[in-house]
Amino acid sequence: MSRSSNGKASRRLRLFKRREDDLLERSFRSCPGCDADVHVFADVCRHCGGALEIALAG
């Protein structure tokens, strides 16, 4: 008999709270010209065509 068939799987103890991954949030930044979301490695904004500087982690 599998463990999931006995109905106790949904009541198991969770020791660690699952965090939401913020990778998607960290992958975008705002364009200074038009305030649109652009990828962190983009050098040109697709919305307004403005030049962007690639920010280096320091």
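Helices and strands are here runs assigned by DSSP, with at least four residues for a helix and at least two for a strand, numbered from the N terminus.

**Figure 1. Overview of the predicted model of the protein chain.** By that assignment, the protein chain contains one helix and two strands, and these elements follow one another along the sequence in the pattern α-β-β. Of the 58 residues in the protein chain, 12% are buried. The protein chain exposes about 6000 Å², and carbon and sulfur atoms supply 52% of this area. Among contacts between residues at least 6 apart in sequence, 7% join residues at least 24 apart.

**Figure 2. Close-up of the largest nonpolar core.** Five residues make up this core, namely C31, V38, A42, C45 and L52. In soluble globular proteins, nonpolar side chains tend to be buried together. One member of the core, C31, counts as buried because its relative accessibility is 4%, where buried means under 20%. Another member, A42, touches R29, L52 and I54 when residues up to four places away in sequence are not counted.

**Figure 3. Close-up of cysteine residues in a model where a search of the whole structure finds zero disulfides.** C31 takes part in no disulfide, and the nearest cysteine sulfur, which belongs to C45, is 3.8 Å away. For C48, the closest cysteine sulfur is that of C34, and the two sulfur atoms are 3.8 Å apart, which is too far for a bond because a disulfide requires sulfur atoms within 2.5 Å. C48 counts as partly exposed, with a relative accessibility of 40%, whereas C31 is buried.

**Figure 4. Close-up of a nonpolar patch on the surface, formed by L13, L15 and F16.** Together these three residues have about 460 Å² of accessible area. L13 lies in the segment before α1, the helix that spans residues 23–26. L13 counts as exposed because its relative accessibility is 73%, and exposed means over 50%.

**Figure 5. Close-up of D35 in the loop between β1 and β2.** The loop that holds D35 lies between strand β1, residues 28–30, and strand β2, residues 37–39. The phi angle of D35 is near 65 degrees, a positive value in a residue other than glycine. D35 is also exposed, with a relative accessible area of 60%.

Notes
Residues numbered from 1 in each chain as written. Predicted model: local features only at pLDDT ≥ 70, side-chain atom pairs only at ≥ 80, totals over all residues. Heavy atoms only, no water. Buried < 20%, exposed > 50% of the residue type's maximum accessible area, 1.4 Å probe, protein only. Core = buried A, V, L, I, M, F, W, Y, C linked by side-chain atoms within 4.5 Å. Contact = heavy atoms within 4.5 Å. Patch = residues over 30% accessible without salt bridge, like charges linked within 9 Å, V, L, I, M, F, W, Y side chains within 5 Å. Areas by Shrake-Rupley, 256 points an atom, 1.4 Å probe, with all protein chains shown as cover. Salt bridge = Lys/Arg side-chain N within 4 Å of Asp/Glu carboxyl O.
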